[in-house]
Amino acid sequence: MESRRKFLKTAGALAGAMAFSPLLSKAEVKTFEEKAKYLAGLDPATITNDEDFWSWVRESFTVSPNIINLNNGGVAPQPKVVQDAHIRYYQLCNEGPSYYMWRVLDQGREPLRAKLAKLAGVSPEEIAINRNSTEGLNTVIFGL
């Protein structure tokens with residue numbers, strides 16, 4: 001079974017590999033690697049009480065401080081770094097839509113599945129890539 005600590009170490013290594021991606025800046029990747037390394041050496045009680053860490057987490061999101069979202073399962077906000085990467089990716093895709101659709105996305109799907117499988121500690125055949133959690137749940141529900 002995968003421990004949270006091992007997951008964070010693996011995620012930190014994956015973030016390092018993503019440093020060459022045009023979607024994440026090197027500074028964003030470096031910050032994530034530093035936080036993952038920092039957390040890997042701490043016990044949960046220490047992390048729970050680390051106000052600096054939780055301040056960094058809070059600042060990573062662009063949600064309104066006037067609203068409390070208790071429905072994170074269905075409509076959770078994305079961290080700012082994900083929003084920024086999504087916008088950069090959207091712009092990149094629109095520079096050459098057919099090229100991106102057929103050359104980049106098609107060729108990148110299976111390598112992505114392999115990386116996700118390695119991160120999760122399973123075989124690539126056990127990974128299903130969906131657009132969102134609702135689609136994933138519906139796939140399982142309607143498959144039953």
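**An all-helical chain and its α6–α7 contact**

In the protein chain, residues 24 or more positions apart account for 35% of the contacts that have a separation of 6 or more. I should say at once that what we are looking at is a predicted model, and I will describe it with that in mind, going from the chain as a whole to one pair of helices and then to a few single residues.

The secondary structure comes to eight helices and zero strands, so that, because strands are absent, the pattern read along the sequence is simply α-α-α-α-α-α-α-α. Of the 144 residues in the protein chain, 15% count as buried. The chain exposes about 11300 Å², and carbon and sulfur atoms supply 61% of that area.

Let me turn to the pair of helices I would like you to look at. Helix α6, which covers residues 80–95, and helix α7, which covers residues 97–120, pack at an angle of about 110 degrees, with their axes 5 Å apart. Since angles of 65 to 115 degrees count as roughly perpendicular, α6 and α7 are therefore roughly perpendicular to each other. On the α6 side the contact is made by Tyr89, Leu92, Cys93, Asn94 and Glu95, while α7 contributes Pro97, Tyr100 and Leu105. Sorted by class, the contact of α6 with α7 has six nonpolar residues, one polar residue and one charged residue.

Staying with α7, where does this helix bend? A kink of about 40 degrees lies at arginine 109, shortly before proline 111. The buried residues in α7 are Tyr100, Arg113, Ala117 and Leu119, and Tyr100 also belongs to the contact with α6. Valine 104 lies in α7 as well, but this residue counts as partly exposed, because its relative accessibility is 29% and the buried class ends at 20%. The C-alpha atoms of valine 104 and cysteine 93 are separated by 9.5 Å, the two residues being eleven apart along the chain. After α7 comes glycine 121, whose phi is positive, near 75 degrees.

Moving back along the sequence, we come to the loop between α5, residues 72–75, and α6, where proline 79 is found. Is proline 79 buried or partly exposed? With a relative accessible area of 25%, proline 79 is partly exposed. Leaving aside residues up to four places away in sequence, proline 79 touches Ser60 and Phe61. There is also a C-alpha separation of 7.1 Å between proline 79 and threonine 62, which are 17 residues apart along the chain.

My last residue is isoleucine 47, in helix α3, which spans residues 44–48. Isoleucine 47 has a relative accessible area of 17% and is therefore buried. Which residues does isoleucine 47 touch, not counting those up to four places away in sequence? They are Leu39, Leu42, Phe53 and Trp54.

To close, I would come back to the helix pair, in which α6 and α7 are roughly perpendicular, and to the kink at arginine 109 in α7, as the two features to look for when you turn the predicted model yourselves.

Terms used
Residues numbered from 1 in each chain as written. Predicted model: local features only at pLDDT ≥ 70, side-chain atom pairs only at ≥ 80, totals over all residues. Heavy atoms only, no water. Axes fitted to C-alpha atoms, helices over the stretch in contact; angles between N-to-C directions. Helix = DSSP H or I, 4+ residues; strand = E, 2+ residues; numbered from the N terminus. Parallel < 35°, antiparallel > 145°, perpendicular 65-115°, else oblique. Contact = heavy atoms within 4.5 Å. Nonpolar A, V, L, I, M, F, W, Y, C, P; charged D, E, K, R; others polar. Bend = angle between axes of the 7 residues up to and from the residue. Buried < 20%, exposed > 50% of the residue type's maximum accessible area, 1.4 Å probe, protein only. Areas by Shrake-Rupley, 256 points an atom, 1.4 Å probe, with all protein chains shown as cover.
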